[in-house]
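Colleague: I've got a model open and I'd like to learn how to read it. Could you walk me through it, one feature at a time?

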Amino acid sequence: MTEPATGPELARHVVAPQVVSGRGTVTVSVGAAAVGAGLVHAAAVGPHAGHGAMPALFATAAVVGVVAGVTAIVRPTRAVLVAVASIHLLMIATWVASRTTGVSVVNGLETREAAGYPDRVATSFEACVVAGSLALGRRPRPSRLPATA
């Protein structure tokens, strides 16, 4: 049986916590907000059963939100971030239209509806996704080349 490590020997076995950059924090926040919006949409599927195309639209928005969030975290390239921002901007625009005038081309959205709490939560998440994605897309990625003296 070996003795437990102490002092300098112990220090070699301790893994230092990784520091997350500001960019990494924003990337994870964008992904988490997209997943959050997707989960709110998933929760809306059941209550909208029997309202035309609404359950299918909410299910699609749920899957797209979760996939977009995971993709934004795993592969935060400029193209992915622009796509994620565009998708969520479209979701926001659809929500605004459904609450102000109705959307005549979608069965179940023809008439204007009042905004509920889940609507505002999902739209707030989506606004964070759009703002964060665009901010990340504008910032240059840190160089992976070693610094020269």
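Modeller: Let's go through confidence, the pocket, one helix, a salt bridge and a single leucine.

Colleague: Where do I start?

Modeller: With confidence, since this is a predicted model. Where pLDDT is low, the predicted coordinates should not be read in detail. Here the mean pLDDT of the protein is 82, with 77% of residues at 70 or more.

Colleague: Which elements have the lowest and the highest mean pLDDT?

Modeller: Helix 1 (residues 7-13) is the lowest, with a mean of 57, while helix 3 is the highest at 93.

Colleague: Okay, pockets next. How much space lies in the largest pocket?

Modeller: About 600 Å³. Its lining has 25 residues, and the closest to the pocket centre are His 41, Leu 57, Phe 58, Ala 61 and Thr 94. Two or more lining residues come from each of helix 2 (22-43), helix 3 (54-74), helix 4 (78-100) and helix 5 (117-138).

Colleague: Which helix gives the largest share of that lining?

Modeller: Helix 4, with seven residues.

Colleague: And what is the lining made of, by class?

Modeller: You'll find 15 nonpolar residues, seven polar and three charged.

Colleague: Now a helix. How do I read which way its residues point?

Modeller: An α-helix has 3.6 residues a turn, so residues three or four places apart point the same way. Take helix 5: its 22 residues reach 32 Å from first C-alpha to last, close to the 32 Å expected at 1.5 Å a residue. Look at what's buried along helix 5: the list includes Asp 119, Ala 122, Glu 126, Val 129, Ser 133 and Leu 136.

Colleague: A buried Asp catches my eye. Which residue does Asp 119 meet in a salt bridge?

Modeller: Arg 99, at 3.0 Å from N to O. The pair links distant parts of the chain, with Arg 99 in helix 4 and Asp 119 in helix 5, 20 residues apart. Arg 99 and Asp 119 are both buried.

Colleague: How many salt bridges does a search of the whole structure find?

Modeller: Just one.

Colleague: Last one: Leu 90. Is it buried or exposed?

Modeller: Leu 90 sits in helix 4. It counts as exposed because its relative accessibility is 57%, and the cut-off for exposed is over 50%.

Colleague: How far is Leu 90 from Glu 126 in sequence and in space?

Modeller: They're 36 residues apart in sequence, and their C-alpha atoms are 9.6 Å apart in space. Glu 126 is one of the buried residues of helix 5, whereas Leu 90 is exposed.

Terms used:
Residues are numbered from 1 along each chain as its sequence is written. This is a predicted model: local features need pLDDT of at least 70, side-chain atom pairs count only at pLDDT 80 or more; totals for chains, interfaces and linings use all residues. Side-chain values use heavy atoms; hydrogens and water are left out. On a 1 Å grid over the protein atoms alone, a cavity is a set of points where a 1.4 Å probe fits but cannot get out, and a pocket is an open set with protein on both sides within 12 Å along at least five of seven lines; lining residues have an atom within 4 Å of a point. Grid points are joined across faces, edges and corners, and a volume is the space filled by probe spheres set on the points. Helices (H or I, at least four residues) and strands (E, at least two) are DSSP runs, numbered from the N terminus. Ala, Val, Leu, Ile, Met, Phe, Trp, Tyr, Cys and Pro count as nonpolar, Asp, Glu, Lys and Arg as charged, and the others, Gly among them, as polar. The expected span of a helix is 1.5 Å times one less than its number of residues. Buried means under 20% relative accessible area, exposed over 50%, partly exposed in between (1.4 Å probe, protein chains only). pLDDT is the predictor's confidence in each residue, from 0 to 100. A salt bridge is a side-chain nitrogen of Lys or Arg within 4 Å of a carboxyl oxygen of Asp or Glu.
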